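Hi everyone, thanks for making time. I'd like to walk you through a protein that is new to most of this group, so let me put it on the screen.

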Amino acid sequence: MRVIITGATGFIGKVLCQELTEAGYEVVALSRNLEAGAKILGEQIKVAQWDGKTAKGWENLCDGDYAIINLAGENISSGRWTDKRKKIILDSRLNAGKAVVEAVKIAEEKPKVVIQASANPPECASLIAIPSARDSYIPAGTVTGPPSD
């Protein structure tokens, strides 16, 4: 089963890609820089191009996926939180969330799970609710193999 991960080259994303691959999932990492993404994630992870703002170029990957995990967003720990920086941080999350919603809307066969976990402020909540994805809960720290259904 295929899982798409945005923010896959980040602190959490790198570990999650490895854990999911070891659990038997096919992982596709979306990256703004294919070469850097492949270097960071290694050969087991397929890296696909995206701009961090839209579904353009990767929307076809979403069709029939088991899950999309959105971890994308500007690094919150590098630099002072000036008004300009806060806007960059917020916009990076809003744009990534909108791109995921856009891709899911386009998909004929919707993902069964969509996870939004990129340190989002409350302003993003209405953008990431995707009614067509099944509600799922897996306790933190748990990585299971693909469902057998």
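Before we look at the sheet, one term: two strands count as paired if DSSP finds at least two bridges between them. Helices and strands themselves are DSSP runs, H or I over at least four residues for a helix and E over at least two for a strand, numbered from the N terminus.

With that in hand, here's the sheet: five strands, open, in the order β3-β2-β1-β4-β5, with parallel pairing. The edge strands are β3 (46-49) and β5, each of which pairs on one side only. On average, neighbouring strands here are turned by 20 degrees against each other, ignoring direction. For angles, axes are lines fitted to C-alpha atoms, for helices over the stretch in contact, and values run from 0 to 180 degrees between N-to-C directions.

A quick word on where this comes from. It's a predicted model, so to speak of local features we need pLDDT of at least 70, and side-chain atom pairs count only at pLDDT 80 or more, while totals for chains, interfaces and linings use all residues. Residues are numbered from 1 along each chain as its sequence is written, and side-chain values use heavy atoms, with hydrogens and water left out.

Now, how do the elements follow each other along the chain? From the N terminus they go β-α-β-α-β-α-β-α-β, giving four helices and five strands.

Let's go through the pairs. β1 and strand β2 (residues 26-31) run parallel and share five bridges, and R2 sits opposite E26 in β2. Helix α2 (residues 34-41) packs on the sheet, touching β2 and β3, and its direction makes about 160 degrees with that of β3. Then α4 packs on the sheet too, touching β4 and β5, at about 170 degrees to the direction of β4.

β1 also pairs with β4, again in the parallel sense, over four bridges; there, I5 has I69 in β4 as its bridge partner. Moving outward, four bridges join β4 (residues 67-70) to β5 (residues 113-116), also parallel, with N70 opposite Q116.

β4, helix α4 (residues 83-106) and β5 make up a right-handed β-α-β unit. Right-handed means that, with the strands pointing away from you, the path from the first strand over the helix to the second runs clockwise.

What about burial? Buried means under 20% relative accessible area, exposed means over 50%, and partly exposed is in between, with a 1.4 Å probe and protein chains only. Of the 149 residues, 36% count as buried. Both faces of β4 are covered: A67 and I69 on one side, I68 and N70 on the other, are all buried.

My favourite residue is T6, in strand β1 (residues 2-6). Is T6 buried or exposed? Buried, at 0% relative accessibility. A contact is heavy atoms within 4.5 Å, and beyond its neighbours within four places in sequence, T6 is in contact with L30, W50, I69, N70, L71 and A72.

Across the protein, among contacts with a separation of 6 or more, 64% are between residues 24 or more positions apart.

Last, the cysteines. C17 is buried at 1% relative accessible area, and C62 is buried at 0%. Taking a disulfide as a pair of cysteine sulfur atoms within 2.5 Å, the count comes to zero.

That's my tour, thanks!
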